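Here's a protein chain to look at together. Take a moment to turn it around on your screen before reading on.

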Amino acid sequence: KGKTFKVIKKTLEKLGYHIRSEVLNSMTHGNIPQNRERIFIVGFLDKEKANKFKFPKSMKLTRNFRQFIDNQVSNRYYYNDKPLFNRIKKKINSENIVYQWRRRYVRENKSGVVPTLTANMGTGGHNVPIVKNGNGIRKLTPKECFLLQGFPQSFKLPNIADSRLYHQAGNSVTVPVVERIAKEMMRVLQDS
């Protein structure tokens, strides 16, 4: 109900910041096919600079989740021989849709975007987006989750358990969105 935001706003203002905030979506503000709405808060010590800051405008999504999917992944990501397979195989029938296992049912995301990646993706087998290809039905890999947060292909994942990688990807911010905000902050700060 906005209480947490009020505490953050009050604390930043008490520290002397003039803040601006807005909810931005990764698909409309970062050209990343993930439906991820997050509040972004920027602060300036100079009120005039804060007033000059403008959050990035929305943009047309030109990319599809398939551009972020690797067709050659380890069999460990496939559900084909796992108990869950029998529960989901009839519901997951298109390679052009991202699905999500929601503990009791399969949810379709027909818009060509991935649902919000969450920090609990790797725990208990739910919330990880699921795709189908010629090899079967599988969950997204940690690498694909980072790519769907806008990390570059060259980004090296640390050598830790997949559950931790899913957690980190779900807790991340979408890089292109933050980059656009940072560029606008730089513009305002350099415009003296």
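## A walk through the chain

K183 counts as exposed, at 54% relative accessibility. Keep in mind that what you're looking at is a predicted model. The side chain of K183 meets that of E179 in a salt bridge, at 3.9 Å from N to O. E179 counts as partly exposed, with 42% relative accessibility. Why are E179 and K183 separated by about one helical turn? Because they sit four residues apart in helix α7, which covers residues 175-190.

**More charged pairs**

Let's stay with charges for a bit. Side chains of opposite charge can pair when their charged atoms come close. How many salt bridges does the structure hold? The count is seven.

Helix α7 also contains E184 and R187, three residues apart, or about one turn of the helix. Their side chains meet in a salt bridge as well, with 2.7 Å from N to O. E184 counts as buried at 13% relative accessibility, while R187 counts as partly exposed at 40%.

Now try R138 and E144: are they buried or exposed? R138 is buried, with a relative accessible area of 0%, and E144 is buried too, at 2%. These two form a salt bridge in which the closest N and O atoms are 2.7 Å apart.

Here are the three pairs side by side:

| Salt bridge | N to O distance |
|---|---|
| R138 and E144 | 2.7 Å |
| E179 and K183 | 3.9 Å |
| E184 and R187 | 2.7 Å |

Salt bridges can also link up into a network, and here that happens with E48, K52 and D191.

**The overall layout**

Time to zoom out. The chain has seven helices and six strands. Starting from the N terminus, the elements go α-β-α-β-α-α-β-β-β-β-α-α-α. If you measure along the principal axes, the C-alpha trace spans about 60 × 35 × 35 Å.

How much of the chain is buried? Buried residues make up 40% of its 192 residues. On the outside, the chain exposes about 11,400 Å², and carbon and sulfur atoms supply 51% of that area.

You can also ask how far along the sequence contacts reach. Taking contacts between residues at least 6 apart in sequence, 64% of them join residues at least 24 apart.

**The sheet**

Next, look for the strands. Strands of a sheet pair through backbone hydrogen bonds, either parallel or antiparallel. In this model there is an open sheet of four strands, ordered β4-β3-β5-β6, and the pairing is antiparallel. Which strands are at the edges? They are β4 (106-109) and β6 (136-139), each of which pairs on one side only. From one strand to the next, the twist averages 35°.

Inside the sheet, strand β3 (residues 98-101) runs antiparallel to strand β5 (residues 129-133), and two bridges join them. If you want to find one of the paired residues yourself, start at Y99: its bridge partner in β5 is I130.

**The nonpolar cores**

Now for the nonpolar residues. The largest nonpolar core has 22 residues, and V114, M121, L140 and C145 touch the most other members. The elements giving two or more residues to this core are α5 (142-147) and α6 (162-171).

L140 is a good one to click on. Leaving out residues up to four places away in sequence, L140 touches I69, Y77, V114, V128, P129, V131, C145, L148 and Y166.

There's also a second, separate core of 11 residues, with L84, I92, I97 and V106 among them.

**Two residues to find**

To finish, here are two spots to look up. One is N31, in the loop between α2 (26-29) and β2 (37-44). Its phi is near 55°, a positive value in a residue other than glycine. N31 is buried, because its relative accessible area is 15%, and buried means under 20%.

The other is S163, which lies in helix α6. S163 counts as partly exposed at 35% relative accessibility. Where is S163 relative to K82? They are 81 residues apart along the chain, and their C-alpha atoms are separated by 18 Å.

Note on methods
Residues numbered from 1 in each chain as written. Predicted model: local features only at pLDDT ≥ 70, side-chain atom pairs only at ≥ 80, totals over all residues. Heavy atoms only, no water. Pairing = 2+ DSSP bridges. Axes fitted to C-alpha atoms, helices over the stretch in contact; angles between N-to-C directions. Salt bridge = Lys/Arg side-chain N within 4 Å of Asp/Glu carboxyl O. Buried < 20%, exposed > 50% of the residue type's maximum accessible area, 1.4 Å probe, protein only. Core = buried A, V, L, I, M, F, W, Y, C linked by side-chain atoms within 4.5 Å. Contact = heavy atoms within 4.5 Å. Areas by Shrake-Rupley, 256 points an atom, 1.4 Å probe, with all protein chains shown as cover.
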